[in-house]
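Me: I am new to this structure and would welcome a close look at one part of it, namely the third helix. Please place that part within the chain as a whole before turning to its details.

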Amino acid sequence: MSRPAAAQTTPALLQAVARSQASRVAARFTEAGLTGLRPGHAQLLIPLLSGGRRVSELAEQLGVSRQAVAQVVTTLEKGSYVERVADPRDGRARVVRLTALGLVALRAMRATALAVEREWAARLGADGLGQLRDLLTTLLDTDTDTDTGAGAGSDTSA
């Protein structure tokens, strides 16, 4: 039995909102024929927009282990969303870069996110959406400044 929204903590509410939007992104992927792709993969695909990256660079940027990034890259590579190629700066190393299908996936994610923002603006009003963005940005800026070590695996659903 789940608790009513009003009884949940703010972090739990944020997680619930994120989960509900992730399911919409997943449905959009299915509609677009993007198989084997999960919304969480966006965290790895987005940094590749600016060019190829080594697995170690992605891991550092995302704050996760190299092994975790390597596993996701392998999954995305099997789905043809990314490819590993020789690093032009060091032929012994490999970089991960987006494929055309990876760009299609990113466009689907962005289109879904923009549709959600339009819906939120309709429900909250332009001022309400602006306040929400400002508050979330403030929280993220604060987290960056005073990182407490609570990572993505932290349980905030209480």
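Reply: Five helices and two strands make up the secondary structure of the protein chain in this predicted model. Along the sequence they follow the pattern α-α-α-α-β-β-α. The protein chain has 158 residues, of which 23% count as buried. Its exposed surface comes to about 10600 Å², with 55% of that supplied by carbon and sulfur atoms. Among the contacts with a separation of 6 or more, 51% join residues 24 or more positions apart.

Helix H3 spans residues 55-62. Within H3, the residues Val55, Leu58 and Ala59 are buried. Viewed down the axis of H3, these buried residues fall within an arc of 100°, and they therefore line one face of the helix. The partners of the buried residues of H3 are H2, H4 and E2, against which they pack. Just after H3 comes Gly63, which adopts a positive phi of about 70°.

The helix also has a place in the largest nonpolar core, a set of 22 residues in which Leu37, Leu45 and Val82 have the most contacts. At least two residues of this core come from H3, and the same holds for each of helix H1 (10-31), helix H2 (42-45), helix H4 (66-78), strand E2 (90-98) and helix H5 (100-145). H5 gives the most, with four residues. As for Leu37, leaving aside residues up to four places away in sequence, it touches Phe29, Leu45, Leu76, Tyr81 and Ala105.

Methods. Residues numbered from 1 in each chain as written. Predicted model: local features only at pLDDT ≥ 70, side-chain atom pairs only at ≥ 80, totals over all residues. Heavy atoms only, no water. Core = buried A, V, L, I, M, F, W, Y, C linked by side-chain atoms within 4.5 Å. Buried < 20%, exposed > 50% of the residue type's maximum accessible area, 1.4 Å probe, protein only. Contact = heavy atoms within 4.5 Å. Areas by Shrake-Rupley, 256 points an atom, 1.4 Å probe, with all protein chains shown as cover. Arc of directions from axis to C-beta.
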